[in-house]
Amino acid sequence: MTRVPVALPAFPWDSLAPAKAKAAAHPGGLIDLSVGTPVDPTPEIAEVALRGNSQAPGYPQTWGTAELRSSIIGYLCRRWHATRLNERQVLPTVGSKELVAWLPTLLGIGAGDVVVIPTLAYPTYDIGARIAGAKVVPCDDPTRMAQFRPSLIWINSPANPHGAILTTELTRAWVQAARAVGAILVSDECYGEFVWEGESVSVLQESVNGGSLRGLIAVHSLSKRSNMAGYRAGYLAGDEEIVQELLEIRKHAGMMVPWPVQAAMKAVLDDDCQTRIQRERYAHRRAILRPALAAAGLRVEHSQGSLYLWVTQGVDCWQTIDFLAERGILAAPGSFYTSQGSAFVRIALTAADAQIEAAAARLRG
């Protein structure tokens, strides 16, 4: 039998190499605002928990410890007003990217199935559908789901790359549309703690889901909210039948979060203070960078939440990338997130305060 390889696009970040070299040649050095990689310290409580549980000779449970499951539920109920959650409705994951990439496959979605993703989206939604062999349809309109008859729908709020926030009404409309066509709705809520304008909601809230989690999954991560990207710590919650199906498959596949990481996850989920501190850091950086971008002639659009500013000069994004590189600043081209973003660049707030201040000074000239 001839194996047909999965058709994946070229890794886009490699195309930034020339702009990175140009930015690095700036007399003040490179300020990299292209990738949303946390730079602030991991909370000490996570480090203490990791060290205290480093003696772990046995295999961890895929389902996680009972203590971790309890902490996930506690956080979701406390922060997101999730109702009627039980431990069979939550599951830790090895970060969130692996979940996004493998979820269609784990759910048995394949050739002949449709996966709906946002028109401007985190690329891994598309990659995950391609790996599974499904058809990808970009769409931001829940009223069109009867036309596409998808098996899986992704929504993301606050969104990567542009930071827009879905209203309660629109999120509810997505829930209703997914249920009407029998699709699973997966809500990527990894940036939920970082809202600057308005209010973010979760599909776990009764005001959105009508008191039922049927067909719904919420995806969360500790990478950004707790600076734990290196720990690979995420989790999902939602429809019990779907969660238990995923748990069974992940047991067979060996998709386990290490014991020490599970302990660190529990520590930060039980503590809201460190999240508030991180939110204040990003709010401070945003307040410095946003007016400096405006002073340089770049218009900020959306950006009500997440860790990014979505900006444009009204020209092709690569011209703006070059404009910024001349000032020693590296950003991400909006074209990385489909052609809908070709006039925009994404600028991350994930840099130290001194670098953000230096970038603002360069932009102001």
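Author: Two strands count as paired if DSSP finds at least two bridges between them. Strands (E, at least two residues) and helices (H or I, at least four) are DSSP runs numbered from the N terminus. In this predicted model, local features need pLDDT of at least 70, side-chain atom pairs count only at pLDDT 80 or more, and totals for chains, interfaces and linings use all residues. Residues are numbered from 1 along each chain as its sequence is written, and side-chain values use heavy atoms, leaving out hydrogens and water.

Reader: OK, so which residue in strand 6 is the bridge partner of Ile153?

Author: That's Leu185. Strand 5 (residues 152-156) and strand 6 (residues 184-188) run parallel, paired over five bridges.

Reader: And what is the strand order in the open sheet?

Author: Its seven strands go 2-8-7-6-5-3-4, with mixed pairing. Strand 2 (90-94) and strand 4 (135-138) sit at the edges, each pairing on one side only.

Reader: Which strands does helix 7 touch?

Author: Contact means heavy atoms within 4.5 Å. Angles, from 0 to 180 degrees, are taken between N-to-C directions of lines fitted to C-alpha atoms, for helices over the stretch in contact. Helix 7 (residues 168-181) packs against strand 5, strand 6 and strand 7 (216-221), at about 175 degrees to strand 5. Helix 9 (residues 240-253) crosses strands 2, 6, 7 and 8 (233-238), at about 40 degrees to strand 2.

Reader: Is Cys139 buried or exposed?

Author: Buried means under 20% relative accessible area, exposed over 50%, partly exposed in between (1.4 Å probe, protein chains only). At 4%, Cys139 is therefore buried, while Cys273, at 36%, is partly exposed.
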